[in-house]
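Me: Please examine the following structure with me. I shall ask about its surface, its fold and the confidence of the prediction.

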Amino acid sequence: MKPLAPISARSISLVRWLAASWGLMIVLGFLVLRMDGALAARNLVSFDRAVFVSINAATLTGFTMGFARPHEFSTIVQIVLALQTLLGVLLSLIGGGVLTARLLGLRHSDSRIALTSLLMIGLAAVVGATTISHGDGLAYAAFRGIAAIGCSGLTFGAFPTANDPALLLALIPLSLVGSLGAVFVLELKDWIAHEAPITSHVRRAVALAGVVYIVGTLMAWLLIPDAVRVGDSVPFPSPARASAIVLSARAYGIPIEFASGWPRGLVWWVIAIVLVGSGAAGTAGGMGVGYLATFRGRLLRPILIGVAVQAGVLLLGLIVLLQSELQLPADRVVMIAVSAAMGVGLSHDPLSITGPGLFLLCVLMLLSRLLPLVVLALIIRNGLGLPEPVTQAIVDK
C-alpha cells in the first residue's frame with residue numbers, strides 16, 4: 001500500500017467524521033424513540049421498532065411503517081428524524097462526492113463539494129416549501145424537499161400522488177439531482193460557464209439514468225392495465241403513472257402508491273430497476289449494477305468486488321427473510337429486501353414485520369448507506385486511484 005496523498009488523507013478523514021456523527025445520531029434517535037411519550041398517543045415504542053425507525057430515517061430508506069406514520073410521533077422525535085435525514089443527506093452528498101472526486105482525480109476540492117452540498121440542501125428546502133398547499137405546514141413542506149433530494153421516502157403529512165403538481169414539478173427534479181450528487185452539479189456548472197468539459201464518469205452516470213428511465217417507463221407502461229385509478233379515485237393515464245413508478249424506483253422512493261395494486265409482472269420489473277441503482281456520489285443507496293456502468297479501467301475489478309459483496313449479503317438476507325416471514329408472499333419479501341439493500345423503501349403495503357425480521361432489514365439498510373463509502377475509501381487507501389502527484393495538484397478554489 002503506497003502512502004496516501006495529503007488531499008486524499010483529508011478526504012477520508014472528513015468522511016470518517018461525517019460517518020461518526022451520523023452513527024451517533026442513529027443512537028440518539030433510538031434513545032429518543034424509547035422515551036415515554038415518543039408517540040403522540042403516549043404508546044411505548046418497542047425495542048426492535050425503535051431501532052428500525054431510527055435506522056430507516058438515517059439511511060434515507062424511508063419505509064412506510066404500519067404501526068405509526070412519521071407525523072404521529074411526538075415533536076421531539078420528529079425533530080430527531082429530520083436531523084437524521086439531514087445528516088444522511090450530508091454523508092451521502094459530501095462523503096460520496098469527495099471520495100469519488102479523489103478516486104477519479106477530479107478537480108473539485110473537498111470544500112467546494114461540501115459547500116455545493118449545503119447549497120443543494122438549502123435550495124431543496126426552499127423548493128419543498130413551495131409545496132406547502134399539499135402538506136401540513138411550512139416545516140413539513142420544507143422537509144419534504146430535503147427528503148426528496150436525499151431520495152428518502154420519509155415524509156411528514158400526506159403523501160403526494162402520481163398526478164400531484166408538487167411531485168411532478170418539485171420533488172422529482174430534486175430527487176434526480178440528488179441521485180446524481182454534488183459532483184454532477186459542479187460538473188454542470190463548470191460546463192455551463194465554459195470552465196471545463198464534463199468528465200466521462202458523470203456523462204456515463206447521466207446516460208445510465210436516462211436509459212433506465214426511458215426503457216423502464218416503456219416496459220412499465222406495457223405492464224400497467226389501461227384503466228387505472230390512483231390516489232383518491234382520480235383517473236390518471238397509465239403512461240404518466242408508469243413514469244412516476246419508475247422514477248420512484250430509480251430515485252425519490254416516495255410511496256406515491258403501494259405495490260399491492262400492481263400486476264405481478266410490474267412488481268418484478270420494478271425490483272429489477274431498483275437493483276440497477278445509481279452511480280457513486282449521490283444520495284441513492286446501495287451498490288447496484290449502475291456502479292459497473294459508471295466506473296471503467298483499473299477501478300472496475302474492485303468495484304465489481306463491492307457489488308458482489310452487496311449481492312451476497314442481499315441474497316443471504318433474502319433467504320433468512322423467506323424462512324422467517326412465512327406469512328408473506330415471496331414477491332413481497334423480495335421487494336422489501338431489495339428496497340432495504342438499495343435504500344429505496346418501496347413495499348407492497350406499510351411494513352408490519354416485527355422482531356428478527358426488522359433487525360435484518362436494519363442490517364441491509366445500513367449496508368446500503370455505508371458499503372459504497374467503504375469500498376471507495378478502501379480503493380483509495382490501496383492506491384488504486386490516480387498517482388500522488390496528480391492528486392496533489394488539486395487546489396481549493
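Me: Which atoms supply 71% of the area that the chain exposes?
Reply: In this predicted model, the exposed area of the chain is about 15900 Å². The atoms that supply 71% of that area are carbon and sulfur.

Me: Which residues form a nonpolar patch on the surface?
Reply: Together, the residues of this patch have about 560 Å² of accessible area. One of them, Leu218, lies in helix α8, which covers residues 200–223. The full set is Val211, Tyr213, Ile214, Val215, Leu218 and Trp221.

Me: Why does Leu218 count as partly exposed?
Reply: A residue is buried under 20% relative accessible area and exposed over 50%, with partly exposed in between. Leu218 counts as partly exposed because its relative accessibility is 49%.

Me: What percentage of the contacts with a separation of 6 or more is accounted for by residues 24 or more positions apart?
Reply: The chain contains 15 helices and 2 strands, and buried residues make up 57% of its 397 residues. Among contacts with a separation of 6 or more, the share from residues 24 or more positions apart is 73%.

Me: How many contacts does the stretch of residues 386–397 have in the model, beyond near neighbours in sequence?
Reply: The average pLDDT of the chain is 85, and 89% of the residues score at least 70. Over residues 228–235, however, the pLDDT is below 50, and that stretch has 11 contacts beyond near neighbours in sequence. Where pLDDT is low, predicted coordinates should not be read in detail. For residues 386–397, where the pLDDT is also below 50, the corresponding number of contacts is 29.

Key
Residues numbered from 1 in each chain as written. Predicted model: local features only at pLDDT ≥ 70, side-chain atom pairs only at ≥ 80, totals over all residues. Heavy atoms only, no water. Helix = DSSP H or I, 4+ residues; strand = E, 2+ residues; numbered from the N terminus. Buried < 20%, exposed > 50% of the residue type's maximum accessible area, 1.4 Å probe, protein only. Contact = heavy atoms within 4.5 Å. Areas by Shrake-Rupley, 256 points an atom, 1.4 Å probe, with all protein chains shown as cover. pLDDT = per-residue confidence, 0-100. Patch = residues over 30% accessible without salt bridge, like charges linked within 9 Å, V, L, I, M, F, W, Y side chains within 5 Å. Salt bridge = Lys/Arg side-chain N within 4 Å of Asp/Glu carboxyl O.
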